[in-house]
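Here's a quick tour of how some helices pack together and where the empty space sits. Have a look at the structure first, then read on.

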Amino acid sequence: MGLFYGDLTPDIRRLMIEEIDMDVASENISLSRWLTQGGQGNWPDLLKRAATEGSDVTLATEIRRGNHLVERYQKRKPKSNEYTWAAVPHNGHEVLAEIEFNNYFCRALCRHAIENRIPRLEIYRAKAAMQPRPESQEKIGTLIDPLTVLTDLRASVGSATALGIPAGPGTGLTLRIPRVGTF
C-alpha cells in the first residue's frame, strides 16, 4: 500500500517530470545500488511514467515486474572502510519506489508552493503505520518553508536530507498544502 498524495494534481505531476528531467540533464539522478544495470538504465523512464500517470505503487510494480532489483548489494560496514554483501529487503521494490516517488512529489509540491506564494507546507502521515516511530509522530503537523525544503531535497539526491523531510522509508510521511487556517 502506497502513500496517499492528496495534492497530486496534473500541475504537480508536470513539476515532478521537470525535476526528474533536471536531474537527468545534470547527471544527478539517484541510481540505487539495489537496481540492476538494466534497472538503472530504465530508471528515468520508470520515474517519469509513474510521475505522469501513476504513483509509488505503480512504480513499485514496474520495478518488480521488470526484475530491476538485484538480490544482494555491497554495503559499507558501520564504522569501517570495509564492505560486506547485504540482501535487498523482500519489499525493496516498494521501499525504493516510495522513497523516490515521494522525493520528487515533495520537490514538485515545494515548487508549486513557491510559485503560488503558499508560505508553508505541512508534514502529514500519508500511510497508516502500525507502530509509528516517535520521531515521525513529532513531525506531523509541522509547517515548513518550501524553499528551504526544496533546496535540501535537491542537494540530497540519493542520500538522506539534512532536514529529514520527507522522513525515511516506511514512515508514511510526506508534505501537503496546509488546510485553511493552519498557516
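## H3 against H4

H3 and H4 are oblique to each other, because their packing angle is about 135 degrees. This is a predicted model, so take what follows in that light. Helix H3 covers residues 56-65 and helix H4 covers residues 92-115, and their axes lie 8 Å apart. As for handedness, H3 passes H4 in a right-handed crossing.

Who touches whom here? On the H3 side you'll find Asp-56, Leu-59, Ala-60, Ile-63 and Arg-64, and they meet His-93, Glu-94, Leu-96, Ala-97, Glu-98 and Phe-101 of H4. Sorted by class, that contact of H3 with H4 has six nonpolar residues, one polar and four charged.

## H2 joins in

Helix H2 (residues 37-53) also packs on H4, this time at about 65 degrees and with the axes 11 Å apart. That makes H2 and H4 roughly perpendicular to each other. Their crossing is right-handed. Trp-43, Leu-47, Ala-50 and Ala-51 are the H2 residues in the contact, while H4 brings Leu-96, Glu-100, Phe-101 and Tyr-104. By class, the contact of H2 with H4 counts seven nonpolar residues, no polar ones and one charged.

H2 packs against H3 too, at an angle of about 145 degrees with 9 Å between the axes. Once more the crossing is right-handed. Here Trp-43, Leu-46, Leu-47, Arg-49 and Ala-50 of H2 meet Thr-58, Leu-59, Glu-62 and Ile-63 of H3. The contact of H2 with H3 splits into six nonpolar, one polar and two charged residues.

A few residues turn up twice. Trp-43, Leu-47 and Ala-50 of H2 appear in the contact with H4 and again in the contact with H3. On H4, Leu-96 and Phe-101 face H3 as well as H2. Leu-59 and Ile-63 of H3 meet H4 and also H2.

## The pockets

Now for the open spaces. The largest pocket holds about 540 Å³. It has 24 lining residues, and Ile-99, Glu-100, Asn-103, Ser-159 and Pro-169 are the closest to its centre. H4 gives the largest share of this lining, with seven residues. The lining of the largest pocket breaks down into 11 nonpolar, 11 polar and two charged residues.

The second largest pocket has about 210 Å³ of space. Of its 13 lining residues, Met-1, Glu-94, Val-95, Glu-98 and Lys-127 are the closest to the centre. H3 and H4 are the elements that give two or more residues to this lining. By class, the second largest pocket is lined by four nonpolar, five polar and four charged residues. Glu-94 and Glu-98, both in that central group, also belong to the H4 side of the contact with H3.

## The cavities

How many cavities of 30 Å³ or more does the structure hold? There are two, and the largest cavity has a volume of about 90 Å³. Asp-23, Ser-30, Glu-100, Asn-103, Tyr-104, Arg-107, Leu-153, Ser-156, Val-157, Gly-158, Ser-159 and Thr-161 line the largest cavity.

H4 shows up here as well, giving the largest share of that lining with four residues. The lining of the largest cavity has three nonpolar, six polar and three charged residues. Glu-100, Asn-103 and Ser-159 line this cavity and are also among the residues closest to the centre of the largest pocket.

Key
Residues numbered from 1 in each chain as written. Predicted model: local features only at pLDDT ≥ 70, side-chain atom pairs only at ≥ 80, totals over all residues. Heavy atoms only, no water. Axes fitted to C-alpha atoms, helices over the stretch in contact; angles between N-to-C directions. Parallel < 35°, antiparallel > 145°, perpendicular 65-115°, else oblique. Left-handed = near helix turned anticlockwise from the far one by under 90°. Contact = heavy atoms within 4.5 Å. Nonpolar A, V, L, I, M, F, W, Y, C, P; charged D, E, K, R; others polar. 1 Å grid on protein atoms, 1.4 Å probe; cavity = no way out; pocket = protein on both sides within 12 Å on 5 of 7 lines; lining within 4 Å. Points joined across faces, edges and corners; volume = space filled by probe spheres on them.
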